[in-house]
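I opened my notebook to look through a new structure, a few lookups at a time. Here is what I wrote down along the way.

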Amino acid sequence: MSKILWRACLLCLLSVMGTAQAQSVVINKAVARATVGKMPNGAAFLQIENKGPDDVLLSGSSPASSRIEIHTMTMEGDVMKMRALDQLELKAGQRLEMKPGAGIHIMLMGLKKPLAVGDKFPLTLNFRQAGKIETTVDVVDMKMPMKKGEMHEHHGQHHKGNSD
Ligand SMILES: [Cu+2]
């Protein structure tokens, strides 16, 4: 039942995007790394474009995992450290592109089941100004995040730089 609701929601979201910018925050190209074996957690990467006023990403949720955390990864000396952020600021006009291997990502804590290539699941992000925004995450093969981005061509809602 909730799947049908989600479909309906996605449809209206797409039709809104086609006409006017009713949404001040736009999420594109959401992907998650396929998990191996019984990995308890997964990682998702997406593009967030803030077309509205300064905003803050407060939290997220997904039926795919018991919890969502916003993580940042930094190099401290030779050690890669990952820590959870309470929130993530997004300035007006800011475009954030999460990339595997460095920086900000969305952590799926406590996966309900392994993420297999080709799976899709909904993810809801909750912003202070823009409210709740849902997107669909595609699970892809991301063994080698480095260089040349051998990512599958997922053109989903890619939206050419309409910068006004
Ligand atoms: Cu993480």
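**Starting at Ile106**

I began with Ile106 and listed its contacts, leaving aside neighbours within four places in sequence: Ala43, Ala44, Leu46, Gly60, Ile68 and Ile70. I kept in mind that this is a predicted model.

Next I looked up the largest nonpolar core, which has 25 residues. Ile106 is among those with the most contacts inside this core, together with Ala30, Ala32, Ala44, Leu46, Leu108 and Val137. I then asked which strands supply at least two residues each. My list reads E1 (25–33), E2 (42–50), E4, E8 (103–111), E9 (120–127) and E10 (131–140). The largest share, 5 residues, comes from E2. A reminder for myself: in soluble globular proteins, nonpolar side chains tend to be buried together.

**Strand E2 and its partners**

I stayed with E2 and found it mostly covered, with 8 of its 9 residues buried. Which strands does E2 pair with? I noted E1, antiparallel over 6 bridges, then E8, antiparallel over 3 bridges, and also E7 (residues 95–97), again antiparallel over 3 bridges.

I wrote down one residue pair for each pairing:
- With E1, Val31 stands opposite Phe45 in E2.
- With E8, Ala43 stands opposite Met107.
- With E7, Glu49 has Arg95 as its bridge partner.

**A look at Lys29**

In strand E1 I stopped at Lys29. Its phi is positive, about 50°, although Lys29 is not a glycine. Is Lys29 buried or exposed? The answer is in between: Lys29 has 19 other C-beta atoms within 10 Å, so I put it down as partly exposed. Being buried takes 20 or more.

**Ser65 and strand E4**

Then I moved to Ser65, which lies in strand E4 (residues 65–76). I counted Ser65 as buried because it has 25 C-beta neighbours inside 10 Å. Not counting residues up to four places away in sequence, Ser65 touches Gly42, Leu108, Met109, Gly110, Leu111 and Lys112. I checked the pair with Gly42 in particular: the two residues are 23 apart along the chain, and their C-alpha atoms are separated by 8.5 Å.

**From E4 to E5**

E4 also pairs with E5, in the antiparallel sense over 7 bridges. In this pairing, Met73 stands opposite Met82 in E5. The hairpin of E4 and E5 has 2 residues between the strands, and Gly77 there takes a positive phi near 65°. How many residues of E5 (79–85) are buried? I found 0 among its 7 residues, so my note says "hardly covered".

**The whole chain**

Stepping back, I counted 1 helix and 10 strands in the protein chain. From the N terminus on, the order is α-β-β-β-β-β-β-β-β-β-β. Of the 164 residues, 22% count as buried. Among contacts with a separation of 6 or more, 71% join residues 24 or more positions apart.

**How far to trust it**

Last, I looked up the confidence. The mean pLDDT of the chain is 82, and 73% of its residues reach 70 or more. Which elements have the lowest and highest mean pLDDT? Helix H1 (residues 2–19) is the lowest at 57, and E9 is the highest at 98. Over residues 144–164 the pLDDT is below 50, though this stretch has 16 contacts in the model beyond near neighbours in sequence. I added a caution: where pLDDT is low, the predicted coordinates should not be read in detail.

How values were computed: Residues are numbered from 1 along each chain as its sequence is written. This is a predicted model: local features need pLDDT of at least 70, side-chain atom pairs count only at pLDDT 80 or more; totals for chains, interfaces and linings use all residues. Helices (H or I, at least four residues) and strands (E, at least two) are DSSP runs, numbered from the N terminus. A residue is buried if 20 or more other C-beta atoms lie within 10 Å of its own, exposed if 12 or fewer, and partly exposed in between; C-beta atoms are placed from the backbone. Two residues are in contact if their C-beta atoms, placed from the backbone, lie within 7 Å. A nonpolar core is a set of buried Ala, Val, Leu, Ile, Met, Phe, Trp, Tyr and Cys residues joined through C-beta atoms within 7 Å. Two strands pair if DSSP finds at least two bridges between them. pLDDT is the predictor's confidence in each residue, from 0 to 100.
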